[in-house]
Amino acid sequence: SMGAVAQPNTDKIVIAHRGASGYLPEHTLPAKALAYGMKPDYIEQDVVMTKDDKLVVLHDHYLDRVTNVATLFPDRARKDGRYYAIDFTLAEIKQLSVTEGFNIKEGKQVQGFSERFPIWKSHFTVPTFQEEIEMIQGLNKTLGYDIGLYPEIKAPWFHRHEGKDISKAVLTVLKQYGYTDKNSNIYLQTFDFNELKRINDQLMPAMGMDLNLVQLMAETDWNETMVYDKLGKAHAYSYDWMFKPGGMKTLSQYADGIGPWKPMIVKDSSTLGHIELTDMVKNAHANGMVVHPYTFRADKDRIPAYVKDYNGMLEVFYNQADVDGVFTDFP
Ligand code: G3P
Ligand code: CA
């Protein structure tokens with residue numbers, strides 16, 4: 001894929017992470033419309049599958065962090081207490097109310113970001129992938145911008161275990177809406193490198209497609225990439241090779257860019273006034289790949305110690321670290 005990388009319109013791009021999720025509940029259509037009005041280069045969609053093979057825009061492959069599923073369908077949790085999207089039809093999911101994300105602490109709901117939109121206020125729903133694409137394309141028509149999609153295929157390992165090929169489903173919808181090749185205004189991302197390679201080497205060629213692909217990079221213990229053993233238990237597996245010499249070259253054989261966790265570029269251990277950069281951006285650029293780190297957040301408790309404020313953080317990443325764009329909750 002090297003050599004045919006589509007160049008973004010400007011040198012440095014902004015990706016609205018889960019929409020304008022710093023201001024409205026993540027992945028709701030209002031959060032996407034607000035993001036659109038802020039004129040980012042791309043709007044992100046995390047995508048998971050329903051029981052009846054529909055694609056919905058949701059960060060987790062379970063519903064309980066951002067909806068009232070536990071109230072509406074109390075007997076539908078699995079053994080681990082979670083309510084998985086794949087156990088619900090789209091019609092059922094459409095009955096749910098979406099809220100700003102919360103955690104349960106001592107039996108009480110506590111919102112994850114205390115300064116953000118209050119939990120359970122107003123009324124929001126889970127959009128389908130198609131509904132969101134149609135809204136963005138419709139706004140591109142009425143407002144005349146050309147804002148792109150940045151979908152992420154969530155937990156392909158989980159979907160595969162449930163008998164679903166989520167990547168094929170995502171590609172099918174994208175093709176239907178005219179996203180087909182490297183000139184299409186889209187980056188397709190996932191953490192699972194075997195899956196990204198399968199998309200590049202097998203699925204896209206079979207469908208006559210050739211989209212720009214981004215390899216997300218996480219810490220192994222976040223369990224973003226899993227494999228099932230013979231007893232049906234999922235284990236995380238290591239992808240240390242990406243960080244070793246030659247790793248970026250291997251990635252560039254199927255990816256057009258990388259999406260690293262931001263401390264992989266600027267070390268969080270750095271003290272104020274002393275910025276410690278890794279060589280990841282240099283290595284990615286040397287192999288023809290763009291670099292889009294995640295996740296930039298303006299909430300007070302998310303500003304790293306080596307900068308004064310959010311703008312200082314952007315300054316470090318855009319100007320000193322020379323990244324090509326950022327995923328931000330505050331587009
Ligand atoms: O896709 C980039 C970034 O969104 C990855 O993290 O967990 O927010 O999907 P997450
Ligand atoms: Ca994502």
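**Exercise 1. The nonpolar core**

Task: State which residues of the largest nonpolar core touch the most other members, and which strand gives the largest share of this core.

Solution. Step 1: A nonpolar core is a set of buried Ala, Val, Leu, Ile, Met, Phe, Trp, Tyr and Cys residues joined through C-beta atoms within 7 Å. A residue is buried if 20 or more other C-beta atoms lie within 10 Å of its own, exposed if 12 or fewer, and partly exposed in between, with C-beta atoms placed from the backbone.

Step 2: The largest nonpolar core has 76 residues, of which Tyr42, Ile43, Val56, Ala85, Leu149, Ile258 and Met289 touch the most other members. Strand β2 (residues 42-49) supplies the largest share of this core, 5 residues. Strands (E, at least two residues) and helices (H or I, at least four) are DSSP runs numbered from the N terminus.

Step 3: For Met289, set aside neighbours within four places in sequence; the contacts are then Met248, Leu251, Ser252, Ala255, Asp256, Gly257, Ile258 and Ala284. Two residues are in contact if their C-beta atoms, placed from the backbone, lie within 7 Å.

The model is predicted: local features need pLDDT of at least 70, side-chain atom pairs count only at pLDDT 80 or more, and totals for chains, interfaces and linings use all residues. Residues are numbered from 1 along each chain as its sequence is written, while chains are lettered from A and ligands numbered from 1 in the order in which they are written.

**Exercise 2. The whole chain**

Task: Describe the secondary structure of the protein chain and explain why the chain is as compact as a globular protein of that length.

Solution. Step 1: The protein chain has 10 helices and 13 strands.

Step 2: The radius of gyration is 19 Å, close to the 20 Å that the globule rule gives for 331 residues, so the chain is as compact as a globular protein of that length. The radius is taken over C-alpha atoms, and the rule is 2.2 Å times the number of residues to the power 0.38.

Step 3: Along the principal axes, the C-alpha atoms fill a box of roughly 50 × 50 × 50 Å. Of the 331 residues, 40% count as buried. Among contacts in the chain with a separation of 6 or more, 71% are between residues 24 or more positions apart.

**Exercise 3. Strand pairing**

Task: Work out how β1 pairs with β13 and with β2, and which way the residues of β13 point.

Solution. Step 1: Two strands pair if DSSP finds at least two bridges between them. β1 and β13 run parallel and are joined by 4 bridges. Ala16 has Thr328 of β13 as its bridge partner, and Ile15 stands opposite Phe327 in β13.

Step 2: β1 and β2 also pair in the parallel sense, over 2 bridges. Here Ile15 has Tyr42 of β2 as its bridge partner.

Step 3: In a regular strand the side chains alternate between the two faces of the sheet. In β13 (residues 325-328), Gly325 and Phe327 point one way and Val326 and Thr328 the other, and all are buried.

Step 4: For the antiparallel sense, take β4 and β5, which pair over 4 bridges. Asn103 has Val110 of β5 as its bridge partner. The hairpin of these strands has 2 residues between them, and Glu106 in this hairpin takes a positive phi near 50°.

**Exercise 4. Positive phi in loops**

Task: Is His27 buried or exposed, and how does Ser122 count?

Solution. Step 1: His27 is in the loop between β1 (13-16) and α1 (29-37), and its phi is near 60°, a positive value in a residue other than glycine. His27 counts as buried because it has 25 C-beta neighbours inside 10 Å.

Step 2: Ser122 lies in the loop between β5 (108-111) and α4 (129-143), with phi near 60°. Ser122 has 14 C-beta neighbours inside 10 Å, so it counts as partly exposed.

**Exercise 5. The shell of ligand 1**

Task: List the residues around ligand 1 and sort them by class.

Solution. Step 1: A residue is near the ligand if its C-beta atom, placed from the backbone, lies within 6 Å of it. The surrounding residues are His17, Asp46, His59, Glu152, Gln189, Leu216, Gly259, Tyr294, Thr295 and Phe327.

Step 2: The shell has 3 nonpolar, 5 polar and 2 charged residues. Ala, Val, Leu, Ile, Met, Phe, Trp, Tyr, Cys and Pro count as nonpolar, Asp, Glu, Lys and Arg as charged, and the others, Gly among them, as polar.

Step 3: The peptide bond from Tyr294 to Thr295 is cis, with omega near -15°. Thr295 is in the loop between β12 (290-291) and α10 (310-320).
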